[in-house]
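Hi,

Here is the structure I said I would pass on. Have a look at it first, and then read my notes below.

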Amino acid sequence: MTVAAADRGSLRIADRVIAKIAARAARDALSDAPQAQYVPRGTEPNASVAMRRGKAHVRLSVELGYPNDIVAVARTVRRHVADRVEALTGIAVPEVAVEVERLHSSATHRGDEGRVR
């Protein structure tokens with residue numbers, strides 16, 4: 001006996017799971033960004049998700065290398081995050097807000113190398 005998919009049950013994906021997928025997708029997109037080598041290792045994008053009417057609205061906080069085209073990098077991150085979240089979860093992502101928290105340049109990168117902790 002075959003049961004239709006709609007009659008078998010439902011699946012709910014927690015907001016925090018969608019946020020983890022979004023953060024990982026942002027990290028993947030940023031790894032190819034210009035000046036990415038200046039961002040300290042272990043620096044991860046932070047993501048939060050708000051579900052409204054079955055759609056995921058994502059907010060990201062990222063750190064970027066400088067100088068680069070910040071608008072172009074943010075556009076690439078937005079597109080990649082929306083595509084990956086939708087592909088992996090099936091949930092539409094109408095909005096990805098990207099906030100740049102910090103810029104890292106070659107001067108700050110060199111300064112971090114000489115610091116002893």
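Let's start with E63. This is a predicted model, and in it E63 has a relative accessible area of 17%. Buried means under 20%, so E63 counts as buried. You'll find E63 in strand 2, which covers residues 55–65.

What does E63 touch? If you skip its neighbours within four places in sequence, E63 is in contact with V39, T43, R102 and H104. With H104 there is also a polar contact between the two side chains, at 2.5 Å.

Now follow strand 2 itself. Strand 2 runs antiparallel to strand 1 (residues 46–52), and seven bridges join the two. One of the bridge pairs is R52 with K55, the latter in strand 2. Together the two strands form a hairpin with two residues between them. Look for R53 in that turn: its phi is positive, at about 55°.

Strand 2 also turns up in the largest pocket, which has a volume of about 290 Å³. How many residues line this pocket? The answer is 17, and the ones nearest its centre are L30, S31, A36, V39 and T43. You've met V39 and T43 already, as contacts of E63. Strand 2 gives the most to the lining, with four residues, and helix 2 (15–30) supplies at least two. Sorted by class, the lining has eight nonpolar, five polar and four charged residues.

Try finding E63 and H104 on screen to see their polar contact for yourself.

Cheers

Key. Residues are numbered from 1 along each chain as its sequence is written. This is a predicted model: local features need pLDDT of at least 70, side-chain atom pairs count only at pLDDT 80 or more; totals for chains, interfaces and linings use all residues. Side-chain values use heavy atoms; hydrogens and water are left out. Buried means under 20% relative accessible area, exposed over 50%, partly exposed in between (1.4 Å probe, protein chains only). A polar contact is a pair of N or O atoms within 3.5 Å; within protein, one must be able to donate a hydrogen and the other to accept it, and residues adjacent in sequence count only if both atoms are side-chain atoms. Contact means heavy atoms within 4.5 Å. On a 1 Å grid over the protein atoms alone, a cavity is a set of points where a 1.4 Å probe fits but cannot get out, and a pocket is an open set with protein on both sides within 12 Å along at least five of seven lines; lining residues have an atom within 4 Å of a point. Grid points are joined across faces, edges and corners, and a volume is the space filled by probe spheres set on the points. Ala, Val, Leu, Ile, Met, Phe, Trp, Tyr, Cys and Pro count as nonpolar, Asp, Glu, Lys and Arg as charged, and the others, Gly among them, as polar. Two strands pair if DSSP finds at least two bridges between them.
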